[in-house]
Amino acid sequence: KPSTMSLQNKIFFINTTFTKNIMRNCWQRRNCLIPESPILSSNNFRYYSISNSLMQSCLLTVINKADQISGLPRNFSSAAKTAEKQIKVCGQEYPVDAMTNVTPKILSYLERQLHRTPHHPLHHLKGRLVQFLYSRYTNARGNPLFSVVDDLSPVVTVAQNFDQLLVPKDHVCRRNQDNYFINSQHLLRAHTSAHQSELIQSGLDNFVVVGDVYRRDEINSTHYPVFHQMEGVKLYTAEQLLPKSSPSPAAVLSGEPSTGPTVACNNSPQAAHTAAAVTALTQELQSCLADMATHIFGKDIECRWVDAHFPFTQPSWELEVLWQGQWLEVLGCGIIQQRIIEQAGV
């Protein structure tokens, strides 16, 4: 029972029937029963307590069999508790610690750069999205406003991936089970938003970030531990956002402090923004992204907006498209938290 488990016991996450059966066989060969409790069950996961005396031989069998069958990343890692003191990622050495859980299989994807490989579908899709933004947003001379950044390292700090985006310390997305940690201070980016603050700090106010991102997702038809994101950020001044206001541009900031994210159920505008600014931003944002969806999927695609919650934007939405009779999320978006912009020096 969980309440009586000693610190000597370890808990492993087993998420496939095959692996579970292998584990069961390991235990049965030792005349032991697998402790299985409803309290420790969640969705497709089962949690098993394995004493130190049996752990090594049982787990080794599971790992070897799982590797033989799939060769795909697992939800538990033989590399997680490596005896190595250093791990090399993207040419740089990092010390390992208790948080290290990135696997050799995942690391093998880092150099592929599919979004920068000519003729690859991801490279082609990136080009179509960039051309859409280039044609929609131009300066007075007709030159594109957006800068494209697609060569940033996937290794980021915990501060970049979470803290600078106002993700609460106790947020579930910070868990070791959901991310690939190099150590307690570095991980493989879980989203391209990890670069948002540093690019704003560099002076960019219209930019696109493209890159591979890494999450310990269960593999199915719409999820894989490695995937790609393309993220756009556009900052406005009052003159740019509300140019037709008279006798001078209306204020976009209310004078209220930027408090950061509110509760998840509240998708109301930020107190720091005026009603006029929120209305104009919402209209332009949703119009741009709905047109982008049409540009990619065709004029007959059916779309809808759904309220969402992200710590770094408020209000926030997701855009879903109707695909094979089901609504499929294709993007998340929102108005950037004013505190993030202020902390970036704007």
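## Close-up views of a predicted model

**View 1. Helix 4 meets a three-stranded sheet.** Helix 4 lies across strand 6, strand 9 and strand 10, and its direction is at about 10 degrees to that of strand 10. Please keep in mind that this, like every view here, shows a predicted model. The sheet under discussion is open, has 3 strands in the order 6-9-10, and its pairing is mixed. Strand 6 (147-149) and strand 10 stand at the edges with a single partner strand each, so each has one side without a neighbour in the sheet. On average, neighbouring strands of this sheet are turned by 15 degrees against each other, direction ignored. Strand 9 and strand 10 pair in the antiparallel sense, over 9 bridges. To find your place in this pairing, start from glycine 211, whose bridge partner in strand 10 is glutamine 229.

**View 2. Tyrosine 109 and tyrosine 224 form an aromatic pair.** The structure holds 3 aromatic pairs. In the pair shown here, the ring centres of tyrosine 109 and tyrosine 224 are 6.4 Å apart and the planes stand at 75 degrees, so the pair is edge-to-face: the angle is over 60 degrees. Tyrosine 109 sits in the loop between helix 3 (104-107) and helix 4 (121-136), while tyrosine 224 sits in the loop between strand 9 (206-214) and strand 10 (226-234), so the pair ties together parts that are 115 residues apart in sequence. Are the two partners buried or exposed? Tyrosine 109 counts as buried, at 13% relative accessibility, whereas tyrosine 224 is partly exposed, at 26%.

**View 3. Tyrosine 137 and phenylalanine 146 make another ring pair.** The ring centres of tyrosine 137 and phenylalanine 146 are 5.6 Å apart and the planes are at 55 degrees, so this pair is tilted. Both partners are buried: tyrosine 137 has a relative accessibility of 11%, and phenylalanine 146 has one of 8%.

**View 4. A lysine lies over a tyrosine ring.** Here the ring belongs to tyrosine 236, and lysine 234 lies over its face, at 4.8 Å from the ring centre.

**View 5. Two separate nonpolar cores.** The largest nonpolar core has 23 residues, and those with the most contacts inside it are Leu187, Phe207, Leu235, Ile336 and Ile340. Which elements give two or more residues to this core? They are helix 6 (196-201), strand 9, strand 11 (303-310) and helix 9 (338-343). Apart from this core lies another one of 16 residues, among them Tyr137, Val208, Val210 and Leu289. Tyr137 may look familiar, as it is also a member of the tilted ring pair. For a closer look at the largest core, pick out leucine 235: leaving aside residues up to four places away in sequence, leucine 235 touches Ile200, Leu204, Asp205, Asn206, Gln240, Ile336 and Ile341.

**View 6. Strand 4 and strand 5 form a hairpin.** These strands run antiparallel and are joined by 4 bridges. Valine 89 stands opposite glutamine 92 in strand 5. Strand 4 has a covered face with Ile87 and Val89, and an uncovered face with Gln86 and Lys88. In a regular strand the side chains alternate between the two faces of the sheet. The hairpin has 2 residues between its strands. Cysteine 90, in the loop between strand 4 (86-89) and strand 5 (92-95), has a positive phi of about 55 degrees although it is not a glycine. At 34% relative accessibility, cysteine 90 counts as partly exposed.

**View 7. Histidine 119 has a positive phi.** The phi of histidine 119 is about 75 degrees, although this residue is not a glycine. Look for histidine 119 in the loop between helix 3 and helix 4. Histidine 119 is exposed, with a relative accessible area of 82%.

**View 8. Strand 12 and strand 13 form a hairpin.** Strand 12 and strand 13 (residues 326-336) run antiparallel and are joined by 9 bridges. Among the bridge partners are serine 316 and, in strand 13, glycine 334. The hairpin has 2 residues between the strands, and glutamine 324 in the turn has a positive phi of about 50 degrees. Which kind of peptide bond joins glutamine 314 and proline 315? The bond is cis, with omega at about -5 degrees, and proline 315 has its place in strand 12 (residues 313-323).

Definitions and conventions. Residues numbered from 1 in each chain as written. Predicted model: local features only at pLDDT ≥ 70, side-chain atom pairs only at ≥ 80, totals over all residues. Heavy atoms only, no water. Phe/Tyr/Trp six-rings, centres within 6.5 Å; stacked < 30°, edge-to-face > 60°. Buried < 20%, exposed > 50% of the residue type's maximum accessible area, 1.4 Å probe, protein only. Lys NZ or Arg CZ within 6 Å of the ring centre and 35° of its normal. Pairing = 2+ DSSP bridges. Axes fitted to C-alpha atoms, helices over the stretch in contact; angles between N-to-C directions. Contact = heavy atoms within 4.5 Å. Core = buried A, V, L, I, M, F, W, Y, C linked by side-chain atoms within 4.5 Å.
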